[in-house]
Amino acid sequence: MDISIVVPLYNERDNLAPLHEELARVMDALGRSYEMLFVDDGSTDGSAEVLRAIKASDPKVRVIRLARNSGQTAALQCGFSNTTGDVVIAIDADGENDPADIPRLLACMGEGYDIASGWRTERWKGAALTRRIPSIAANWLISRITGVRLHDYGCTLKAYRGDLARQLRLYGEMHRFVPALAAEQGARVTEVEVNFRPRLSG
C-alpha cells in the first residue's frame with residue numbers, strides 16, 4: 001500500500017460524506033494505491049451510521065469505532081497502528097483541512113523528509129488578537145523548548161513516513177508534539193503551507 005489516510009473524528013456526521021468524496025477525488029487522481037481509515041472516537045450523533053454507508057460504497061475505506069470518547073491523540077494512535085501505507089497522512093474530519101493539499105505533502109515526502117507538517121497560514125486572518133496571541137505564544141514556546149521550529153504545531157494535516165507513524169506511542173495530548181518527538185530520533189521534519197477552511201457543520 002502506498003498511502004494510508006487516517007481520519008480521527010468525533011460527532012462529524014454531516015462532514016463525513018463530503019470529506020470522503022474530496023479525499024477519493026484527490027487520491028484517485030494521484031494514481032497510487034491507498035486506503036482511508038476513519039477512526040470514530042465514540043461519536044453519538046449518527047456518525048457511525050454514515051461511516052457504515054461510506055464503507056459499503058468504497059472498498060478502500062476501513063472504519064474503527066472506539067467504545068468511548070478518548071480524545072484525538074488516542075484516535076490517531078489507533079489509526080496509525082492499523083495502517084499499512086508507506087506514507088501515512090492524518091487529516092481532520094471537520095472540513096477545515098483541505099484534501100487538495102495532500103499532493104504537496106507527498107511531494108515533500110518524496111524529497112526525503114520523514115514528516116511534512118501543515119501550516120495553516122490563513123487561519124487567524126481577521127481574527128481578534130485575543131484568539132491569535134495564545135496560539136502564536138504556544139507555537140513559539142513549543143518550538144523554543146523542543147528546538148523544532150514550526151509555526152503551527154496544532155495542525156492535524158501531516159504526512160508521516162509509514163514505519164515512523166506505526167512506531168509512535170501516543171497518549172494524553174502528545175499528537176501535537178509528534179514532529180518534536182520524531183526529530184529527537186533523527187527524523188527530518190519540514191513545514192508546508194496549507195489551506196484553512198472554516199467549518200461548515202458540526
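Leaving aside its neighbours within four places in sequence, which residues is leucine 157 in contact with? Let's keep that one in mind and walk through the fold before coming back to it. One thing to know at the outset is that this is a predicted model.

We can start with the whole chain. Its 202 residues include 51% that are buried. There are seven helices and seven strands, and, read from the N terminus, the elements follow the pattern β-α-β-α-β-α-β-α-β-α-β-α-α-β. If you take the contacts between residues at least 6 apart in sequence, 80% of them join residues at least 24 apart.

Now to the sheet. Strands of a sheet pair through backbone hydrogen bonds, either parallel or antiparallel. Here the seven strands form an open sheet with mixed pairing, in the order β3-β2-β1-β4-β6-β5-β7. The edges are β3 (61–65) and β7 (189–194), each of which pairs on one side only. Ignoring direction, neighbouring strands of this sheet are turned by 20 degrees against each other on average.

Strand β1 (residues 3–9) is a good place to look inside this sheet. It is mostly covered, with seven of its seven residues buried. Both of its faces are covered: Ile3, Ile5, Val7 and Leu9 lie on one side, Ser4, Val6 and Pro8 on the other, and all of them are buried. Moving sideways, β1 pairs with strand β2 (residues 34–40) in the parallel sense over seven bridges, and one pair to pick out is leucine 9 with its bridge partner in β2, aspartate 40. A further step takes you from β2 to β3, again a parallel pairing, this time over five bridges. There phenylalanine 38 stands opposite valine 63 in β3.

Helices pack on this framework. Helix α2 lies across β1, β2 and β3, and runs at about 155 degrees to β3. Helix α4 also packs on the sheet, where it touches β1, β4 (87–90), β5 (115–120), β6 (158–161) and β7; its direction makes about 160 degrees with that of β7.

The helices also meet one another. Two packed helices are described by the angle between their axes and the distance between the axes. For helix α1 (residues 13–30) and helix α2 (residues 47–57), the axes come within 8 Å and cross at roughly 20 degrees. Since angles under 35 degrees count as roughly parallel, α1 is roughly parallel to α2. Their crossing is right-handed. On the α1 side the contact is made by Arg13, Leu16, Ala17 and His20, and on the α2 side by Ser47, Val50, Leu51 and Ile54. By class, that contact has five nonpolar, two polar and one charged residues.

Helix α1 has a contact with α4 (residues 102–110) as well: these axes come within 10 Å and cross at roughly 45 degrees. That angle makes α1 oblique to α4. Leu23, Val26, Met27 and Leu30 of α1 meet Ile102, Pro103 and Leu106 of α4. This contact divides into seven nonpolar, no polar and no charged residues.

A few single residues round out the picture. Alanine 74 is found in helix α3 (residues 72–81) and, at 29% relative accessibility, counts as partly exposed. Its C-alpha is 8.6 Å in space from that of glutamate 173, although the two are 99 residues apart in sequence.

Serine 117 sits in strand β5. At 0% relative accessibility, it counts as buried. Beyond its neighbours within four places in sequence, serine 117 is in contact with Leu150, Asp152, Leu157, Lys158, Pro179, Thr190, Glu191 and Val192.

Leu157 in that list brings us back to the opening question. Leucine 157 belongs to the loop between α5 (129–146) and β6, and it is buried, with a relative accessible area of 0%. Leaving aside neighbours within four places in sequence, leucine 157 is in contact with Ile89, Ala90, Ile91, Asn97, Asp98, Asp101, Leu105, Ala116, Ser117, Gly118 and Val194. As for arginine 120, its C-alpha lies 9.3 Å from that of leucine 157, with their positions 37 residues apart in sequence numbering.

Definitions and conventions
Residues numbered from 1 in each chain as written. Predicted model: local features only at pLDDT ≥ 70, side-chain atom pairs only at ≥ 80, totals over all residues. Heavy atoms only, no water. Axes fitted to C-alpha atoms, helices over the stretch in contact; angles between N-to-C directions. Helix = DSSP H or I, 4+ residues; strand = E, 2+ residues; numbered from the N terminus. Parallel < 35°, antiparallel > 145°, perpendicular 65-115°, else oblique. Left-handed = near helix turned anticlockwise from the far one by under 90°. Contact = heavy atoms within 4.5 Å. Nonpolar A, V, L, I, M, F, W, Y, C, P; charged D, E, K, R; others polar. Buried < 20%, exposed > 50% of the residue type's maximum accessible area, 1.4 Å probe, protein only. Pairing = 2+ DSSP bridges.
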